[in-house]
Every structure is written in structure tokens, then in C-alpha cells.
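Dear colleague,

I am handing over the structure we spoke about, with the sequence alongside. Please have both open while you read the notes that follow.

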Amino acid sequence: TSIQLLSGVGYHSTGDSPSVLVGAEYVSTTRTGSFFSGIQETRVAFHLSDVVSLGAGGESTYTVGVEGSWQRRQGVVQLGAEASLHYRYGGAGWARIAGVGARGVTGRVQGMLRLDYVENAYSTFPWFQRDLNGVAPRDGEDSFYRATASVSALVLPASNLTWSQEIRWRRPATEGGGNLGMATGPEFRLGDGRLATQAGILLRPDGAMPLGQIRYELQDREGRYSLFLAAATASVEGDGPVLYGWWETESEGIGLAAAVRLERSHEGELNPAIYF
């Protein structure tokens, strides 16, 4: 068991001012097994944090929640699952955020599935920087559902060529419709990193449009650092082209992370979100 202290500063163009995160997580981790019988790890964490706006009002948003994850590794097979439930309280009242996910790797094939429900993403501070992937924090945003699924398979081992498919879906909770993005394309392994280029289609209530995206992911095998960058001609969360990414490193019990998201609206404005 351990206590992890969390702190950060962030800014989103749709907010009134920068915000500061102060929080902590009580984490319990259990690891059993061996290389021959398989290694299994279970993690449970209780989260408590406060996001304070640096504007004139100094409004606070409090978050309390629980998170859990499970993973098992044996040979070439890896399986994992995760779930989380958070309650936030701020100027707009109470809001819930819940999600479940699963991932697996077997031989040359790996896949991932994630489902989320977000209730009013006001004052959302992504202490998990990957939230920038799908949650563009905007004050007073309506509740929505979100799903992400991806599958990749190694098709040419001699050339390190992998083919990947990705589906993203997002729909408001109070009305029908929603946006659905589907893309597929080759993925190349570059050392410890992977570079993927995909093309597909984005289906929206007002019609369909072509979708193109490129993604680069680098992760240390010991989990000491990771880098993720992605750019797309359109996103299921907003109006126009989007660029997002994060960087993380951890050593001697101290972790640092930075994240950025840039998205262009129909009016041609660039809406940045930056967190550290």
C-alpha cells in the first residue's frame, strides 16, 4: 500500500483561467505468481482531489472516486481489465464519471475496448493525461457516452508491419445521433516505438466526411517513460482537425507528465488545452 500525492497546473481556452490540481490517492497493489505460472497484479485506488480555478472567483471542484485494475501475464498472453467511478462537485452541482475497459495480447494480435459515461465535464483536470484522447474539457458540457475499440495484428514479421483498425464513438446522453469514426491502416515498429497511419470515415448527423490520422507511440519496456502523439483531420469530440499528445516519466517514486490538445473550430479558432 502507498499514498500517491498529485499536483498539477492546466489551462483550457474555454475556461476562464488556469486551474491547479491538488490531490492524493491511497493505492493498494497485490502481485502474485511467477514467470512459469504467470504473474497476476491487482490494483485498487481511492482518489480525492480539488481543482481550484485561479480566476477572480477561485471556484473549486472536488472529486472523490475509486479505481481498480487487474492484469495477468503468462508467456505471450497478456490480459487486463480496469474500471473507475468518480463523483465531482463544483459550481454546476454533482457530476458522475464512470468507465470500464479491457485489453489483451496474444501472439501477434492485440486489442482494446473502453466505455465511458461523462456527466458534465466542467473543470475536468486530466490527472490521467490520456483523458485528452477523448474528453475535451469544456465548462458546462452536456453528458455523453464514449466508446473506443482497436485491434492490430502483425501481418509481416520480417518487415515489422502491423495492420490496425480503430473505432471511436461519442453520443450525447440526452439525444440521439452522435459521431462515429472508423479508420484502418498500416503500423510500423520503430525500435521501442510504433508509427501508424490510418484512413477512414467520420459519420456525423449532418453527413459523412473522410478521416485521416497518424499516431506515434513510444514506451519503455520497464514502464519508466512513455510518449504518445496523434493528429487527425477531424475528431469525434469537436469540430475540426485535432492534435493531442502526452509524455510521462517516473523514477525513484517521482513522476512527471505533460499533455497538450489543439483543436480548430468551425470558426477557425485554435482551442488549446495544456496540462503539466
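W94 counts as exposed, because its relative accessibility is 57% and the cut-off for that class is over 50%. Please bear in mind, here and below, that this is a predicted model. W94 forms an aromatic pair with Y89, and the pair is tilted, with 5.0 Å from centre to centre and 50 degrees between the planes. Y89, for its part, counts as partly exposed, at 40% relative accessibility.

That pair belongs to a set of four aromatic pairs in the structure. In general, such a pair of aromatic rings is described by the distance of the centres and the angle of the planes. Y117 and Y145 make another of these pairs, with ring centres 5.1 Å apart and planes at 40 degrees, so this pair is tilted. Y117 belongs to strand β7 (residues 109-118) and Y145 to strand β8 (residues 144-156), and the pair thus links distant parts of the chain, 28 residues apart. Y145 counts as partly exposed, with 32% relative accessibility. The rings of F228, Y244 and W246, in turn, form one aromatic cluster. An aromatic ring also meets a charge in this model, since the charged end of R170 sits over the ring of F144, at 3.6 Å from its centre.

The three residues of the aromatic cluster, F228, Y244 and W246, appear again in the nonpolar interior. The largest nonpolar core has twelve residues, namely A183, L202, L211, F228, A230, A232, A234, V236, V242, Y244, W246 and A259. Two elements, β13 (225-232) and β14 (242-251), give two or more residues to this core. A second core, separate from that one, has five residues, among them L21, F125, A273 and Y275. As a general background, nonpolar side chains in soluble globular proteins tend to be buried together.

Which residues is F228 in contact with, once its neighbours within four places in sequence are left aside? They are R215, Y216, E217, Y244, G245 and W246, and two of these, R215 and E217, lead on to the charged pairs.

A search of the whole structure finds 13 salt bridges. E187 forms one of them with R215, where the closest N and O atoms are 3.0 Å apart. The two partners come from distant parts of the chain, E187 from strand β10 (residues 179-190) and R215 from strand β12 (residues 207-219), with their positions 28 residues apart. Both E187 and R215 are buried. E217, which also lies in strand β12, pairs with R194 of strand β11 (residues 193-204), 23 residues apart in the chain, and their side chains meet in a salt bridge of 3.0 Å, N to O. E217 is partly exposed, with a relative accessible area of 24%. Through shared partners, salt bridges join E166, R168, E187, R194, R215 and E217 into one network.

Another salt bridge is found between the side chains of R43 and E25, at 3.7 Å from N to O. R43 lies in strand β3 (residues 38-53) and E25 in strand β2 (residues 19-34), so this pair ties together parts that are 18 residues apart in sequence. Are its two partners buried or partly exposed? E25 is buried, with a relative accessible area of 3%, whereas R43 is partly exposed, with 23%.

Strand β3 also holds S49, which is buried, with a relative accessible area of 4%. The side chains of S49 and H47 are joined by a polar contact of 2.9 Å.

Two residues of the backbone remain to be mentioned. Most residues other than glycine have a negative phi. N160, although it is not a glycine, has a positive phi of about 55 degrees, and E252, likewise not a glycine, has a positive phi of about 55 degrees. Where do they lie? N160 is in the loop between β8 and β9 (161-172), and E252 is in the loop between β14 and β15 (254-264). N160 counts as partly exposed, at 37% relative accessibility, while E252 is exposed, with a relative accessible area of 78%.

With best regards

How values were computed:
Residues numbered from 1 in each chain as written. Predicted model: local features only at pLDDT ≥ 70, side-chain atom pairs only at ≥ 80, totals over all residues. Heavy atoms only, no water. Core = buried A, V, L, I, M, F, W, Y, C linked by side-chain atoms within 4.5 Å. Buried < 20%, exposed > 50% of the residue type's maximum accessible area, 1.4 Å probe, protein only. Helix = DSSP H or I, 4+ residues; strand = E, 2+ residues; numbered from the N terminus. Contact = heavy atoms within 4.5 Å. Phe/Tyr/Trp six-rings, centres within 6.5 Å; stacked < 30°, edge-to-face > 60°. Lys NZ or Arg CZ within 6 Å of the ring centre and 35° of its normal. Salt bridge = Lys/Arg side-chain N within 4 Å of Asp/Glu carboxyl O. Polar contact = N/O pair within 3.5 Å; in protein donor to acceptor, adjacent residues only side chain to side chain.
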